[in-house]
Amino acid sequence: MAKTGKGESLGTAEGAVLGRATHTLHDENPVLNDTWAIELLGEATQREARDVEHQRRARESAPFDFRLILAVGIGSLRYAEDEVDRCVSEEIDQYVVLGAGFDTFALRRHDVANRLRVFEIDFSDVQALKRERIERAKPAPGQIPTFVPVDFETMSISEGLATSDFDSTKPSIWSWMNTIPYLTNEATEKTLAEVARLMAPGSRIVLNYQGKVPLTQAQIDYLKTLGDLVREGGEPMKSLWEPDDFETMLTRCGLQTIDHSTEADLFERYFRDRTDGMYPGMPARLITARPA
Ligand SMILES: C[S@@+](CC[C@H](N)C(=O)[O-])C[C@H]1O[C@@H](n2cnc3c(N)ncnc32)[C@H](O)[C@@H]1O
């Protein structure tokens, strides 16, 4: 089983990179200046992404204001990137991106390319499409990540990484953004327990998940529309965690939470000064953790 996009629809990996491409191309002061995002889109989608008028019409005809959830996704990647930069400054030289999809960190961050090896984990066919698009792209990538194909539901990340030159005796930084909602609780816990075992002292993981928190009626309606859309695209959301249960699960896995942030924290860090209507308007939970 694997994915990107059922029929004509973009999969979540492509949908996310399209959002980052249009944010970078058309919004002032992007929260994440993702100059490589446009390169990873199909040709027709690239043309639409560049076309301001097409983007305006797409926004007006969308069933909801997609910037509210896009801001959660982009803000989360920025949260991850800030932690990765902190870890690089501490000489950590391995970065594992779980559920990487069309993540562009390795491609665009020339400044860390000779100090940080990037490993990306996702479905093999998502990775195959990404490789094709990297090969077609005009700019030279900072580095080509090491692609490690794993299905979190049925496979082990330890076995996957054992085929690469990842070194679990050395500290590493991990991110798992915008993916846990699409997994069963069992796959999430099993994977995090493996991550904890693969982390040498000094390692970190940053992740986000969908929290079971009080919602306004507008948020309930919004999340229902979003949930229907991704289910129709073949990628149903499968998990919603009570925040306390999530922290307890991390402890069971051998991880210690050192930050547990919300969409309000994302707003304060990255969106406070924006006047373009882009802000994290849906609930978000973000964690930074280390081996216990
Ligand atoms: C919403 S996308 C997020 C991609 C990227 N992290 C981002 O923020 O742009 C979710 C990603 O999780 C991957 N994914 C979902 N279920 C998975 C599974 N069971 N095994 C491996 N990857 C999975 C999808 O292929 C997709 O790339």
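These legends go with three close-up views of a predicted model.

**View 1. Helix α1, from residue 12 to residue 26.** Here's a helix of 15 residues whose first and last C-alpha atoms lie 21 Å apart. That's close to the 21 Å expected at 1.5 Å a residue. Of the 15 residues in α1, 13 are buried, so the rest of the structure largely encloses this helix.

**View 2. Where helix α4 packs with helix α11.** Helix α4 runs over residues 67–89, and helix α11 covers residues 263–271. Their axes sit 10 Å apart and make an angle of about 70°. Angles of 65 to 115 degrees count as roughly perpendicular, so that's the label for α4 and α11. On the α4 side, look for Ala71, Val72, Gly75, Arg78 and Tyr79; they meet Glu263, Leu266, Tyr270 and Phe271 of α11. Sort this contact by class and you get six nonpolar residues, two charged and one polar.

**View 3. The shell around the ligand.** Zooming in on the ligand, we find 22 residues surrounding it. Thr12, Ala13, Ala16, Gly99 and Gly101 are the closest. Both helices from the earlier views, α1 and α4, turn up again here, each giving the shell at least two residues. Which helix supplies the largest share of the shell? That would be α1, with three residues. As for the mix of classes, eleven shell residues are nonpolar, six are polar and five are charged.

Conventions
Residues numbered from 1 in each chain as written. Predicted model: local features only at pLDDT ≥ 70, side-chain atom pairs only at ≥ 80, totals over all residues. Helix = DSSP H or I, 4+ residues; strand = E, 2+ residues; numbered from the N terminus. Expected span 1.5 Å × (residues − 1). Buried ≥ 20, exposed ≤ 12 C-beta atoms within 10 Å, placed from the backbone. Axes fitted to C-alpha atoms, helices over the stretch in contact; angles between N-to-C directions. Parallel < 35°, antiparallel > 145°, perpendicular 65-115°, else oblique. Contact = placed C-beta atoms within 7 Å. Nonpolar A, V, L, I, M, F, W, Y, C, P; charged D, E, K, R; others polar. Near = placed C-beta within 6 Å.
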